[in-house]
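Q: Got a minute to walk me through this one? I'd like to start with the ligand site.

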Amino acid sequence: MNKSVKENVSKRVRFFNRIRYAPWFSQLVIIRRCNLSCTYCNEFDQSSSPVELTTLKGRLQKLKSLGTYAINLTGGEPTLHPDLPELIRYCREDLKFFRTSMISNGFLLKEELIEKLNRAGLQDMQISIDGVQPNETTVKVLKSLEKRLELLKKHAKFNVVVSAVVGSCPPEESFTVIQHAKSMGFKPRVLLIHDQEGQVQLSEEQLKVFYKIKKLIPKGFPEFTDYRETMIEQGKAPFKCRAGSRYLYVDEAGLVSWCSQTRSVFSKPLMDYGLVDLRREFYSYKSCQDHCTLGCVRAASSVDGWRKQDIKKSIA
Ligand SMILES: C[S@@+](CC[C@H](N)C(=O)[O-])C[C@H]1O[C@@H](n2cnc3c(N)ncnc32)[C@H](O)[C@@H]1O
């Protein structure tokens, strides 16, 4: 085979492998510290420093080279990172991810930061609002965030998704959040509270509100699949989890895990991660998958539901 034919063949192989195993969605923790301490959350600390800009750029390059399609910057609280706008710009202009998004509790959003994020080219921001009044579980509530929502409405050029966690506040409050988000023209999203094992347990009242909220969310909204209902009704909602392949969670130390809740079960340094890992994890059976409440993992796994998965082994 001459050189140019060989190059064409290897380009084609890379292209097919990307289609077969590359991440649709990768989440990168840019700082583990959070300014809040919601008691239902185990994804933060109160003291760590922001991950260095050059380190993060290296990780983003690696995620791009693995074929990541959409990147999401998370934490901790990403707005505590002093280089957040530069990171967004880098994702958009230099690496050209197809979608660049971030998650925030919104407390540190000011007009100046929103304008910087506009200029950097941010496409989507998920802002987490759990209820209406602060309680001992959460202060991410409308009472504290109303002004930030107004600022976003006035200045943001990116899409804003307001996400409520059913189970973190009196149930009717989750309903009010979703209603309010819609009235302001933001996209609503609902998460179910999970415990440390990723299990979901809702009361009768929470269930009723969940079904009420469901009516407020437009049909066909990408993440609003039936798994939540199945989970609530049957205690589990089986699917073939493709985490470690179609979805990557990279923590502040640069370790890839299946997700934020399985860091002690599976992890490998991102910089050593390659096609072999993507392929292996694509097929690997995860013992937590039937009870998984992570909408982004389910969404990223959904197109490959028809493809095989290893049979059940005792992993976790
Ligand atoms: C870990 S936070 C990081 C970003 C940011 N600090 C925030 O509050 O949005 C990401 C999302 O995970 C959600 N989350 C954390 N723990 C959860 C749990 N036990 N059940 C459901 N959602 C949870 C949060 O509400 C938030 O929407």
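Q: By class, how many nonpolar, polar and charged residues does the shell around the ligand have?
A: The shell has 7 nonpolar, 8 polar and 3 charged residues. Ala, Val, Leu, Ile, Met, Phe, Trp, Tyr, Cys and Pro count as nonpolar, Asp, Glu, Lys and Arg as charged, and the others, Gly among them, as polar. This is a predicted model: local features need pLDDT of at least 70, side-chain atom pairs count only at pLDDT 80 or more, and totals for chains, interfaces and linings use all residues. Residues are numbered from 1 along each chain as its sequence is written, and side-chain values use heavy atoms, with hydrogens and water left out.

Q: Which residues are closest to the ligand?
A: Tyr-40, Gly-76, Ser-128, Lys-140 and His-194, out of 18 that surround the ligand. Near here is a heavy atom within 4 Å.

Q: Which residue has a polar backbone atom 2.8 Å from a ligand nitrogen?
A: Tyr-40 does. Gly-76 also places a polar backbone atom 2.8 Å from a nitrogen of the ligand. A polar contact here is a pair of N or O atoms within 3.5 Å.

Q: And how much of the ligand does the protein bury?
A: The protein buries 93% of the 550 Å² that the ligand exposes taken alone. Areas are Shrake-Rupley, with a 1.4 Å probe.

Q: New topic. Where is His-180 found?
A: In helix H6, residues 171-183. Helices are DSSP runs (H or I, at least four residues), numbered from the N terminus.

Q: What does His-180 touch?
A: Leu-142, Glu-146 and Leu-149, leaving out residues up to four places away in sequence. Contact means heavy atoms within 4.5 Å.

Technical notes: A polar contact is a pair of N or O atoms within 3.5 Å; within protein, one must be able to donate a hydrogen and the other to accept it, and residues adjacent in sequence count only if both atoms are side-chain atoms. Helices (H or I, at least four residues) and strands (E, at least two) are DSSP runs, numbered from the N terminus.
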